[in-house]
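Can you help me read this fold? I'm new to this, so let's take it step by step.

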Amino acid sequence: MNNARPPEAIAFRVKDASRVSGIGVTKLYALMKEGRLEKRKIGGMTLIPAASLQALIEGDT
(Lines give C-alpha, C1' and ligand atoms only; values in the text may rest on other atoms or scores of the structure.)
Protein backbone atom coordinates (compact mmCIF):
# COMPACT_ATOMS: atom_id res chain seq x y z
CA MET A 1 0.00 0.00 0.00
CA ASN A 2 1.29 3.45 -0.89
CA ASN A 3 1.32 5.76 2.13
CA ALA A 4 2.73 8.76 0.25
CA ARG A 5 0.85 11.98 0.93
CA PRO A 6 -0.25 14.08 -2.01
CA PRO A 7 1.88 17.20 -2.52
CA GLU A 8 0.79 20.39 -0.77
CA ALA A 9 -0.77 23.00 -3.05
CA ILE A 10 1.55 25.90 -3.83
CA ALA A 11 -1.25 28.04 -5.25
CA PHE A 12 -5.02 28.06 -5.42
CA ARG A 13 -7.55 29.28 -7.95
CA VAL A 14 -9.75 31.93 -6.34
CA LYS A 15 -12.71 29.57 -5.87
CA ASP A 16 -10.47 26.97 -4.20
CA ALA A 17 -8.80 29.61 -2.01
CA SER A 18 -12.26 30.64 -0.87
CA ARG A 19 -13.17 27.04 -0.05
CA VAL A 20 -10.03 26.27 1.96
CA SER A 21 -9.91 29.61 3.80
CA GLY A 22 -13.59 30.34 4.40
CA ILE A 23 -13.13 33.81 2.90
CA GLY A 24 -15.66 34.76 0.24
CA VAL A 25 -14.62 35.14 -3.38
CA THR A 26 -15.61 38.82 -3.46
CA LYS A 27 -13.53 39.51 -0.35
CA LEU A 28 -10.53 37.67 -1.84
CA TYR A 29 -10.71 39.85 -4.95
CA ALA A 30 -10.94 42.96 -2.73
CA LEU A 31 -7.88 41.84 -0.74
CA MET A 32 -5.95 41.32 -3.97
CA LYS A 33 -6.96 44.78 -5.21
CA GLU A 34 -5.83 46.31 -1.88
CA GLY A 35 -2.47 44.57 -2.24
CA ARG A 36 -2.97 42.53 0.95
CA LEU A 37 -3.10 39.24 -0.96
CA GLU A 38 -0.73 38.28 -3.78
CA LYS A 39 -1.99 37.03 -7.10
CA ARG A 40 -0.45 35.57 -10.21
CA LYS A 41 -2.11 35.75 -13.61
CA ILE A 42 -1.44 32.88 -15.98
CA GLY A 43 -3.42 33.43 -19.12
CA GLY A 44 -6.98 34.07 -17.95
CA MET A 45 -6.45 32.21 -14.68
CA THR A 46 -5.86 33.98 -11.37
CA LEU A 47 -3.84 32.06 -8.81
CA ILE A 48 -3.27 32.94 -5.17
CA PRO A 49 0.02 31.64 -3.78
CA ALA A 50 -0.62 29.41 -0.76
CA ALA A 51 2.06 31.24 1.23
CA SER A 52 0.28 34.57 0.69
CA LEU A 53 -3.06 33.13 1.79
CA GLN A 54 -1.42 31.57 4.86
CA ALA A 55 0.28 34.87 5.78
CA LEU A 56 -3.01 36.75 5.46
CA ILE A 57 -4.79 34.32 7.74
CA GLU A 58 -1.96 34.30 10.28
CA GLY A 59 -1.99 38.12 10.32
CA ASP A 60 1.47 38.60 8.81
CA THR A 61 0.29 41.07 6.15
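Below are some questions and answers about this predicted model.

Me: What is the strand order in the open sheet of three strands?
Reply: Start from the edges: β1 (11–13) and β2 (40–42) each pair on one side only. That leaves β3 between them, and the pairing is antiparallel. So to speak, read across the sheet and you get the order β1-β3-β2.

Me: Which residue in β3 stands opposite Arg 13?
Reply: Three bridges join β1 to β3, which covers residues 45–49, and these two strands run antiparallel. Look across from Arg 13 and you'll find Leu 47.

Me: Which helix packs on the sheet, touching β1 and β3?
Reply: Look at residues 50–58, which form a helix whose direction makes about 55° with that of β3. That helix is α3.

Me: How many residues make up the largest nonpolar core?
Reply: Nonpolar side chains tend to be buried together in soluble globular proteins. Here α1 (14–21), α2 (25–34) and α3 each supply at least two residues of the core. Among its members are Phe 12, Leu 37 and Ile 48, and Leu 37 is in contact with Ile 48. The full count is 12.

Me: Is Thr 46 buried or exposed?
Reply: Thr 46 is found in strand β3, and its contacts include Phe 12, Val 14 and Met 32. Its relative accessibility is 13%. The cut-off is under 20%, so Thr 46 counts as buried.

Me: Which side chain does a polar contact of 3.0 Å join to that of Thr 46?
Reply: Thr 46 touches several residues, including Lys 39, Arg 40 and Lys 41. The polar contact of 3.0 Å is with the side chain of Lys 41.

Note on methods:
Residues are numbered from 1 along each chain as its sequence is written. This is a predicted model: local features need pLDDT of at least 70, side-chain atom pairs count only at pLDDT 80 or more; totals for chains, interfaces and linings use all residues. Side-chain values use heavy atoms; hydrogens and water are left out. Two strands pair if DSSP finds at least two bridges between them. Helices (H or I, at least four residues) and strands (E, at least two) are DSSP runs, numbered from the N terminus. Contact means heavy atoms within 4.5 Å. Axes are lines fitted to C-alpha atoms, for helices over the stretch in contact, and angles run from 0 to 180 degrees between N-to-C directions. A nonpolar core is a set of buried Ala, Val, Leu, Ile, Met, Phe, Trp, Tyr and Cys residues joined through side-chain atoms within 4.5 Å. Buried means under 20% relative accessible area, exposed over 50%, partly exposed in between (1.4 Å probe, protein chains only). A polar contact is a pair of N or O atoms within 3.5 Å; within protein, one must be able to donate a hydrogen and the other to accept it, and residues adjacent in sequence count only if both atoms are side-chain atoms. Lists of a residue's contacts leave out its neighbours within four places in sequence.
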